[in-house]
Every structure is written in C-alpha cells, then in structure tokens.
Amino acid sequence: MPGLFEKLREVVLGSRCLDSNGTAPALMITVRCKHCGEEISTRVEKAHALQEQYEMVAGDHGEEPEISGYLLQKEILGEKCQRLIHLIMHFDPCTRLLKHEIEGGELVEVTDSD
Ligand SMILES: [Zn+2]
C-alpha cells in the first residue's frame with residue numbers, strides 16, 4: 001500500500017521541510033514606492049534578518065518551545081524620494097512567505113537569492 005506508506009513518511013519527515021524551496025541563503029525583495037513609483041530591490045540574508053517566532057507546545061514535553069515561523073521587519077528607502085517603506089513579512093517554519101504587511105508602498109516580487 002504505497003499510499004499509506006507515503007502518508008507515514010509525511011508524518012515522520014513532515015517537519016523537515018523537504019519540499020521547501022526556501023533553502024536559498026537570501027531573499028531578493030522588490031517593492032514599489034507609493035509616492036514616486038520607484039521600484040526598489042533589496043537583498044536580505046535569511047540567517048541575519050529573519051527573527052524566529054516561538055510557540056509554546058502544550059503536552060508531556062511542553063517545556064521545549066517550537067519554532068512556529070519567522071518574522072522579517074524591514075525599512076526600505078529609495079533614491080527618488082525620502083519616504084521610508086515599512087515592510088513586515090511572515091514566514092512559516094520552512095521560511096515560505098505566508099503573508100505580508102506594507103506601508104508606503106506595495107510588494108512587487110520576492111525571490112530566492114544566492
Ligand atoms: Zn519614493
């Protein structure tokens with residue numbers, strides 16, 4: 001029964017992010033300034049910029065907090081005007097983007113970067 005076996009494998013290895021494409025060391029983030037329309041690209045090192053978010057796990061071994069995701073907070077400044085763009089990005093434990101909040105601009109693109 002290969003189907004059942006796959007399911008078991010999923011349960012055992014599920015937390016290891018095997019299917020993740022989030023293994024690149026950095027992100028290239030492109031935003032567009034709301035005030036002047038300038039597109040600004042910025043490179044972010046995941047290891048330095050991503051803040052770990054912990055979730056206390058209730059249960060028999062609940063004393064160990066588990067990483068529930070990552071948070072990235074960034075202020076981006078273009079060259080055409082002096083308006084700061086505030087960007088907050090939420091990632092899952094496999095550093096895949098879940099959602100974002102942005103002030104002063106809009107998010108154009110997020111790609112993995114070496
Ligand atoms: Zn601008």
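The exercises below go through a predicted model of one protein chain.

**Exercise 1. Describe the order of the elements along the chain.**

Solution. Begin with the count: the chain has 2 helices and 7 strands. Next, read from the N terminus, where the succession is α-β-β-α-β-β-β-β-β. Finally, consider how contacts spread along the sequence. Among contacts with a separation of 6 or more, 45% join residues 24 or more positions apart.

**Exercise 2. State the strand order of the open sheet of 4 strands, and name its edge strands.**

Solution. The order is β3-β4-β5-β6, and the pairing is antiparallel. At the edges stand β3 (51-56) and β6 (97-103), each of which pairs on one side only. Direction ignored, neighbouring strands here are turned by 20° against each other on average.

Now look at the edge strand β3. Its partner is β4 (residues 65-77), and the two pair in the antiparallel sense over 6 bridges. Two positions show the register: glutamine 53 stands opposite glycine 69 in β4, and methionine 56 stands opposite proline 65 in β4. As for burial, β3 is hardly covered, with 0 buried residues among its 6.

**Exercise 3. Do the same for the open sheet formed by 3 strands.**

Solution. Here the order is β2-β1-β7, again with antiparallel pairing. The edge strands are β2 (39-45) and β7 (105-113), and each pairs on one side only. From one strand to the next, the twist averages 20°.

Between β1 and β2 there are 7 bridges in the antiparallel sense. One of the facing pairs is methionine 28 with arginine 43 in β2. As a general point, strands of a sheet pair through backbone hydrogen bonds, either parallel or antiparallel.

**Exercise 4. Which residues make up the largest nonpolar core, and which elements give two or more residues to it?**

Solution. First, the share of buried residues: they make up 10% of the 114 residues in the chain. The largest nonpolar core has 10 residues in all: Leu27, Ile29, Val31, Cys33, Tyr70, Leu72, Ile85, Leu87, Met89 and Phe91. Then assign them to elements: β1, β4 and β5 (84-91) each give two or more residues to this core.

Take leucine 27 as one member of the core. Leaving aside neighbours within four places in sequence, leucine 27 is in contact with Val44, Lys46, Val110, Asp112 and Ser113.

**Exercise 5. Is cysteine 17 buried, partly exposed or exposed?**

Solution. Locate the residue: cysteine 17 is in the loop between α1 (2-13) and β1 (26-33). Count its neighbours: there are 15 C-beta neighbours inside 10 Å, so cysteine 17 counts as partly exposed. The cut-offs are 20 or more for buried and 12 or fewer for exposed.

A further step concerns cysteine 94. The two cysteines, cysteine 17 and cysteine 94, are 77 residues apart in sequence and 5.5 Å apart in space, C-alpha to C-alpha.

**Exercise 6. Describe the backbone and the exposure of threonine 95.**

Solution. Threonine 95 is found in the loop between β5 and β6. Its phi is near 55°, a positive value in a residue other than glycine. For comparison, most residues other than glycine have a negative phi.

For exposure, apply the counting step once more. Threonine 95 has 19 C-beta neighbours inside 10 Å and therefore counts as partly exposed.

Note on methods
Residues are numbered from 1 along each chain as its sequence is written. This is a predicted model: local features need pLDDT of at least 70, side-chain atom pairs count only at pLDDT 80 or more; totals for chains, interfaces and linings use all residues. Two residues are in contact if their C-beta atoms, placed from the backbone, lie within 7 Å. Two strands pair if DSSP finds at least two bridges between them. Axes are lines fitted to C-alpha atoms, for helices over the stretch in contact, and angles run from 0 to 180 degrees between N-to-C directions. A nonpolar core is a set of buried Ala, Val, Leu, Ile, Met, Phe, Trp, Tyr and Cys residues joined through C-beta atoms within 7 Å.
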